[in-house]
Amino acid sequence: MSESTHRPHPRPRDYWKIAVLLAVITAAEVAVTYLDALDAVVAPLLIAMAVAKFWLVVAFFMHLRFEAPIYRNLFLMGVIATPILFGVVLFTFGVLIG
């Protein structure tokens, strides 16, 4: 891979901004669980916030956003293959059949 595929790494100040954003999202997750008005949408909200936090951690703290695309693609293959493998194992042991 050429060097042109790499993005410049963030500065320490950027990591602090991301850490604060992660803390805000975590606080929102806790707040959502205490609000009775959001009972109908708690699960989708928590899933959306978890996905956002996962993306931030993977992209910035695991540096996948700034590395060669091959690393990102390998990681995505694992993210996609893991639930499939988990389902196959559950199906094999009859957990999903009942």
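Where in α3 does a kink lie? In this predicted model, the kink is found at Ala 81, with an angle of about 25°, and the proline Pro 83 comes shortly after that point. Even with the kink at Ala 81, the end-to-end reach of α3 is close to what is expected: its 24 residues cover 34 Å from the first C-alpha to the last, against an expected 34 Å at 1.5 Å a residue. The helix runs over residues 69-92. Just past its end, α3 is followed by Gly 94, which has a positive phi near 75°.

Helix α3 also has a good deal to do with a nonpolar patch on the surface, giving the most to it with 5 residues. The patch is made up of Phe 54, Leu 76, Val 79, Ile 80, Ile 84 and Val 88, and together these residues have about 550 Å² of accessible area. One of them, Ile 84, sits in α3 and has a relative accessible area of 53%, so it counts as exposed, the cut-off being over 50%.

Now to the other end of the chain. Helix α1 spans residues 12-34, and its 23 residues reach 34 Å from first C-alpha to last, close to the 33 Å expected at 1.5 Å a residue. Which residues of α1 are buried? They are Asp 14, Tyr 15, Ile 18, Leu 22, Ile 25, Glu 29 and Val 32. What these buried residues pack against is α2, residues 42-61.

Glu 29 gives a closer look at that packing. This glutamate lies in α1 and has a relative accessible area of 14%, so it falls under the 20% cut-off and counts as buried. Setting aside neighbours within four places in sequence, Glu 29 is in contact with Leu 46, Met 49, Ala 50 and Lys 53.

That leaves the stretch after α2, where His 63 has a place in the loop between α2 and α3. The backbone at His 63 has a positive phi of about 65°, although the residue is not a glycine. Is His 63 buried, partly exposed or exposed? Its relative accessibility is 28%, so the histidine counts as partly exposed, between the cut-offs of 20% and 50%. A positive phi thus turns up on either side of α3: at His 63, in the loop between α2 and α3, and at Gly 94, which follows α3.

How values were computed. Residues numbered from 1 in each chain as written. Predicted model: local features only at pLDDT ≥ 70, side-chain atom pairs only at ≥ 80, totals over all residues. Heavy atoms only, no water. Helix = DSSP H or I, 4+ residues; strand = E, 2+ residues; numbered from the N terminus. Expected span 1.5 Å × (residues − 1). Buried < 20%, exposed > 50% of the residue type's maximum accessible area, 1.4 Å probe, protein only. Contact = heavy atoms within 4.5 Å. Bend = angle between axes of the 7 residues up to and from the residue. Patch = residues over 30% accessible without salt bridge, like charges linked within 9 Å, V, L, I, M, F, W, Y side chains within 5 Å. Areas by Shrake-Rupley, 256 points an atom, 1.4 Å probe, with all protein chains shown as cover. Salt bridge = Lys/Arg side-chain N within 4 Å of Asp/Glu carboxyl O.
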